[in-house]
Amino acid sequence: GTIKQNEAESFAPELGKQYYMISSKWFGIWKDYVDYNDESANSKNPKPSEIDNSDLLDNDDLAPGKLEGNDFEILTKESWENLKKWYSGGPDIARNVVEVGISKQTRVEIYPLLITAVTLSGNEISKQKKYKTTQVKTVKKLRYDLAA
């Protein structure tokens with residue numbers, strides 16, 4: 001399907017699927033170029049350069065406080081892969097879908113939980129491991145994953 005069709009379907013994220021974040025700044029330029037909201041128009045806007053998600057990042061991870069619709073948009077995997085094939089660039093910012101609440105609503109988890117596990121030898125840190133996980137994982141499962 002087209003990117004527009006794929007994005008219309010992404011309003012109900014599917015558990016087990018990955019979605020991708022894209023800079024609203026770049027996506028807006030692309031939408032202007034393809035006349036995203038007016039399919040009958042002939043675009044006179046310039047073609048965007050390669051995808052640039054750097055405005056979303058801080059030390060190779062999503063910067064704090066970024067908001068969907070303002071700073072980034074969420075794309076289906078198919079849409080992201082098509083845009084990347086056509087324009088290259090990135091980097092990829094993939095996110096998983098999680099179930100939240102008693103009603104088990106699905107949503108794209110924008111800020112996964114980042115845990116730093118350390119092993120102490122006396123008073124000194126002998127080993128340090130960073131671990132990115134979902135905010136809805138049970139403590140038992142998290143403990144198992146950290147021990148692995």
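**Exercise 1.** Find the element in which Ser-79 lies, and decide whether this residue is buried or exposed.

*Solution.* Begin with the element: Ser-79 belongs to helix 3, which covers residues 77-87, where helices (H or I, at least four residues) and strands (E, at least two) are DSSP runs numbered from the N terminus. Next, take the accessibility: Ser-79 has a relative accessible area of 0%, and it is therefore buried, since buried means under 20% relative accessible area, exposed over 50%, and partly exposed in between, with a 1.4 Å probe and protein chains only. Finally, compare sequence with space: Ile-3 is 76 residues from Ser-79 in sequence, while their C-alpha atoms are 5.3 Å apart.

The model is predicted, so local features need pLDDT of at least 70 and side-chain atom pairs count only at pLDDT 80 or more, whereas totals for chains, interfaces and linings use all residues. Residues are numbered from 1 along each chain as its sequence is written, and side-chain values use heavy atoms, with hydrogens and water left out.

**Exercise 2.** Work out which elements give two or more residues to the largest nonpolar core.

*Solution.* Start from the term: a nonpolar core is a set of buried Ala, Val, Leu, Ile, Met, Phe, Trp, Tyr and Cys residues joined through side-chain atoms within 4.5 Å. The largest such core has 12 residues, including Ile-3, Trp-26, Leu-75 and Trp-80. Strand 1 (18-23), helix 2 (24-34) and helix 3 each give two or more residues to this core. Another core, of 10 residues, lies apart from it and has Leu-62, Ile-93, Val-97 and Ile-110 among its members.

**Exercise 3.** Examine the backbone at Asp-60, Ser-88 and Pro-91, and place each residue in its loop.

*Solution.* Recall first that most residues other than glycine have a negative phi, and that most peptide bonds are trans. Asp-60, in the loop between strand 3 (57-58) and strand 4 (61-62), has a positive phi near 65°, and its relative accessible area of 76% makes it exposed. Ser-88, in the loop between helix 3 and strand 6, also has a positive phi, of about 55°, but at 34% relative accessibility Ser-88 is partly exposed. Pro-91 sits in the loop between strand 6 (89-90) and strand 7 (94-100), and the peptide bond from Gly-90 to Pro-91 is cis, with omega near 0°.
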